[in-house]
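Student: I would like to learn how to read a structure like this one. Can we go through it feature by feature?

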Amino acid sequence: MSSSDRGKDIAEESGAHHRHQQPATPSRYESQKRRDWNTFGHYLKNQRPPVALSQCNCNHVLDFLRYLDQFGKTKVHVQGCMFYGQPDPPAPCTCPLRQAWGSLDALIGRLRAAYEENGGSPETNPFASGAIRVYLREVRDSQAKARGIPYKKKKKKPISSQGKGSDEASSAMHFS
């Protein structure tokens, strides 16, 4: 048996093992997704009047994202700020702290998945709305301009160049 055949057998056994056994503790992603889902549910319940999940739409999601800004840790310079457009400002300023675009983007991804896992239909998923994509694009662009660093989309590497045969590459490819 060649070393590549042995590696293939090990990978297949490993894959089969993962399919039949649930991990004892949820992954970091699953835990975060559950936490995010619960937070969004509490947000809806605390609205006046409370909003049922079945009545939730993209406007509620946009309001939730704006609400989260108050807990942000990313300094976003306003256009009148002398540091607007500077990647490394030399002194502090009074510009607001906001949620970083990447954090919001990841949050929406987790909530979009959680919505469907909790019985929601993909066709009615408020987290998949075009309005949410537009909002995220505007946040991304405005934060990039405020920092003076234009956003450049990262190119995805082809699968074949991601270190064939390494444990990391094979373990990261489980999509189910």
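**Helix α3 and its surroundings**

Tutor: Start in the middle. The buried residues of α3 pack against α2, α4 and α5. Before going on, note that this is a predicted model, where local features need pLDDT of at least 70, side-chain atom pairs count only at pLDDT 80 or more, and totals for chains, interfaces and linings use all residues. Residues are numbered from 1 along each chain as its sequence is written, and side-chain values use heavy atoms, with hydrogens and water left out.

Student: How are helices and strands assigned, and what pattern does the chain follow?

Tutor: They are DSSP runs, numbered from the N terminus: helices are H or I with at least four residues, strands are E with at least two. Here there are six helices and two strands. Their order along the sequence is α-α-α-β-β-α-α-α.

Student: What does buried mean, and which residues of α3 are buried?

Tutor: Buried is under 20% relative accessible area, exposed is over 50%, and partly exposed is in between (1.4 Å probe, protein chains only). In α3 the buried residues are His60, Val61, Leu62, Phe64, Leu65 and Leu68. Across the 176 residues of the chain, 26% count as buried.

Student: How much surface does the chain expose?

Tutor: Accessible areas come from the Shrake-Rupley method with a 1.4 Å probe; for residues, only the protein chains shown count as cover. The chain exposes about 12900 Å², and carbon and sulfur atoms supply 52% of that area.

Student: Which residues have the most contacts inside the largest nonpolar core?

Tutor: The general idea comes before the case. In soluble globular proteins, nonpolar side chains tend to be buried together. A nonpolar core is a set of buried Ala, Val, Leu, Ile, Met, Phe, Trp, Tyr and Cys residues joined through side-chain atoms within 4.5 Å. The largest one here has 22 residues, and Phe40, Val61 and Phe127 have the most contacts inside it. Two or more residues come from each of α2, α3, α4 and α5. Helix α4 gives the largest share, six residues.

Student: What is Val61 in contact with, leaving aside its neighbours within four places in sequence?

Tutor: Contact means heavy atoms within 4.5 Å. With those neighbours left aside, Val61 touches Phe40, Cys56, Ile108, Pro126, Phe127 and Ile132. For the chain, take contacts between residues at least 6 apart in sequence: 59% of them join residues at least 24 apart.

Student: How many aromatic pairs are there?

Tutor: Rings of Phe, Tyr and Trp (its six-membered ring) pair if their centres lie within 6.5 Å; planes under 30 degrees apart count as stacked, over 60 as edge-to-face and the rest as tilted. The count comes to ten aromatic pairs. Take Phe40 and Phe127: 5.1 Å centre to centre, with 70° between the planes, an edge-to-face pair. Phe40 sits in helix α2 (residues 28–45), and Phe127 in the loop between α4 (101–117) and α5 (130–147), 87 residues apart. Both Phe40 and Phe127 are buried.

Student: Why is the pair of Phe64 and Tyr67 stacked?

Tutor: The ring centres of Phe64 and Tyr67 are 6.4 Å apart and their planes are at 25°, so the pair is stacked. Phe64 and Tyr67 are about one helical turn apart because they are three residues apart in helix α3 (residues 58–68). Phe64 is buried at 2% relative accessibility, whereas Tyr67 is partly exposed at 34%. Both belong to one aromatic cluster, with Trp37, Phe40, Tyr43, Phe71, Tyr115 and Phe127.

Student: How many disulfides are there?

Tutor: A disulfide is a covalent bond between the sulfur atoms of two cysteines. The rule used is a pair of cysteine sulfur atoms within 2.5 Å. The count is zero. Cys56 is in no disulfide; its nearest cysteine sulfur, that of Cys58, is 8.8 Å away. Cys56 is buried, with a relative accessible area of 10%.

Student: Why does Cys81 form no bond with Cys95?

Tutor: Its sulfur is 3.6 Å from that of Cys95, the closest cysteine sulfur, which is too far for a bond. Cys81 is buried as well, at 14% relative accessible area.

Student: And where does Ala128 lie?

Tutor: Ala128 is in the loop between α4 and α5. It is buried, with a relative accessible area of 17%. Leaving aside neighbours within four places in sequence, Ala128 is in contact with Arg112 and Arg133.
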